[in-house]
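Welcome, and please open the model in your viewer. We will walk from one selection to the next and say what is there at each stop.

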Amino acid sequence: MNDSNQTEKRKSDHIEICSTKDVTARYNFWDDISLVHLATPEIDYEEIDTQLRLFGCQLSAPIVISGMTGGTESGKKINASLAKAASDLQVGMGVGSQRAAIEKTSLSGSYEVLRDFDIPLKLANIGAPQLVMAGSYKHACEMVGDAMDMIEADLIAVHLNYLQEAVQPEGEKRAKGLLSMIRDLAIDFPVIVKETGCGMSPELIETLSRMKVKGVDVGGAGGTSFSAVEYYRSQEVGDRMRARLGRTFWDWGIPTPVSAAVASLHFPTIATGGVRNGLDVARAVVVGANTAGIANRLLAPAIEGEDSAEAELREIIEELKVAMFLTGSKNVKQLSEHDPLVSGPTRDWVEHLVT
Ligand SMILES: Cc1cc2nc3c(=O)[nH]c(=O)nc-3n(C[C@H](O)[C@H](O)[C@H](O)COP(=O)(O)O)c2cc1C
């Protein structure tokens, strides 16, 4: 199999595995964030306003559909379903890694489909290893420029996925020089840095905050585990060693709420990783994130079609509004001022990393 066919096969495997198997971390840290009930909200439900501005874009709710796919026929359908939902409900949306289409332009239609919709915030996507291996800064700039043009993006998300690269057979484990690459790219492009399930430490956040990056998607632990995904892929082909790695690192990473709380002290923050419903979206705002990011929860509905994707998103927004009502939060700013109870392992992480 050549590189491009291998990438397409991997993408199809990811969609298949994530939509049919349990790939989530064993512990969801959002359950450690309790909002305090207000029995007398003193607002009318109808006046609750979920809108906000992020990266200069107006969103109707603090939600970004996190990048998942593209580069395949099924990826095109999924992106189209999600794009329709994002446009109808005016939330942000990212696409999956655009490497495939940068290498083979005939695949770009599966991402370009976003251009047919009025999505208020669009995030292009490229992997950190591809940038490290670009060979020259000029080539890295060309890749980023192509990825952004492909979907007429507002920002480019540079995704960090070294856990996945470390446990998958075809993984690209070159990370040396990445920070200086991000530093330079952030001068020339509107860059956000995005983890994909392992979160960001306070040290990394501090480092990034000294660069011109526009924000982060902390992509923390507690939701989709790419170690789990790779476990299933390795099991399928009888690769015992890789399957073992996938199982061992299944729950690796820093909880999403913890990374989000730290990052939000420095820049606009998207909290992706384990967000299952509108209550989790509210929790994300309460810990300091500007928006929640949602991936896997929207995958199966998006495969079903645009109506299912939109229905799922509508229900999530309704749940968010109920959480806002019951905390007496008339708007997103008031919700962000709510003082939650933090318990369990998340509290331990906060004590260890933050205080
Ligand atoms: C099928 C699938 C494919 C993904 N592909 C990408 C990708 O190409 N680039 C990326 O930055 N993140 C990718 N992600 C990671 C998500 O954007 C998100 O960070 C992660 O799934 C955690 O969110 P969740 O718990 O809501 O699923 C993918 C996730 C899924 C489920």
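How do the residues of the shell around the ligand divide into nonpolar, polar and charged? Select that shell and colour it by class: you will find eight nonpolar, 17 polar and two charged residues. Keep in mind throughout that this is a predicted model.

**Stop 1: around the ligand**

Stay with the ligand a little longer. It is surrounded by 27 residues, and the closest are Gly96, His159, Gly223, Ala295 and Asn296. Two elements give two or more residues to this shell: helix H1 (3-20) and strand S7 (155-160). Which of the elements gives the most? Highlight H1, since the answer is there: H1 contributes three residues.

**Stop 2: the whole protein**

Now zoom out and show the cartoon. The protein has 17 helices and twelve strands. Along the principal axes, its C-alpha atoms fill a box of roughly 65 × 45 × 40 Å. For 355 residues, a compact globule would have a radius of gyration near 20 Å, and the 19 Å of this protein agrees with that.

The next stops are pairs of helices. Two packed helices are described by the angle between their axes and the distance between the axes.

**Stop 3: H13 and H15**

Select residues 278-287 for helix H13 and residues 306-326 for helix H15. Their axes come within 7 Å and cross at roughly 55 degrees. Because angles from 35 up to 65 degrees fall between roughly parallel and roughly perpendicular, H13 counts as oblique to H15. The crossing of H13 past H15 is right-handed.

Next, show the side chains where the two helices meet. From H13, pick Gly278, Leu279, Val281 and Ala282; facing them in H15 are Ile316, Ile317, Glu318, Glu319, Leu320, Ala323 and Met324. By class, this contact of H13 with H15 holds eight nonpolar, one polar and two charged residues.

**Stop 4: H2 and H15**

Keep H15 on screen and add helix H2, residues 73-89. Here the axes of H2 and H15 come within 8 Å and cross at roughly 45 degrees, which makes H2 oblique to H15. H2 passes H15 in a right-handed crossing.

On the H2 side, select Ser81, Leu82, Lys84, Ala85, Asp88 and Leu89; on the H15 side, select Glu306, Ala309, Glu310, Leu313, Arg314 and Ile317. The contact of H2 with H15 is made up of six nonpolar, one polar and five charged residues. Ile317 may look familiar: it is also one of the H15 residues that meet H13.

**Stop 5: H6 and H8**

For the last stop, hide the earlier helices and select residues 137-151, helix H6, together with residues 178-188, helix H8. How do these two helices lie against each other? Their axes come within 11 Å and cross at roughly 55 degrees, so H6 is oblique to H8. Their crossing is right-handed.

Finish by displaying the contact: Tyr137, Ala140, Cys141 and Val144 come from H6, while Met181, Asp184, Leu185 and Asp188 come from H8. Sorted by class, the contact of H6 with H8 has six nonpolar, no polar and two charged residues.

Technical notes. Residues are numbered from 1 along each chain as its sequence is written. This is a predicted model: local features need pLDDT of at least 70, side-chain atom pairs count only at pLDDT 80 or more; totals for chains, interfaces and linings use all residues. A residue is near a molecule or strand if its C-beta atom, placed from the backbone, lies within 6 Å of it. Helices (H or I, at least four residues) and strands (E, at least two) are DSSP runs, numbered from the N terminus. Ala, Val, Leu, Ile, Met, Phe, Trp, Tyr, Cys and Pro count as nonpolar, Asp, Glu, Lys and Arg as charged, and the others, Gly among them, as polar. Axes are lines fitted to C-alpha atoms, for helices over the stretch in contact, and angles run from 0 to 180 degrees between N-to-C directions. Angles under 35 degrees count as roughly parallel, over 145 as roughly antiparallel, 65 to 115 as roughly perpendicular and the rest as oblique. A crossing is left-handed if the near helix is turned anticlockwise from the far one by less than a right angle, and right-handed if clockwise. Two residues are in contact if their C-beta atoms, placed from the backbone, lie within 7 Å. The radius of gyration is taken over C-alpha atoms; the globule rule is 2.2 Å times the number of residues to the power 0.38.
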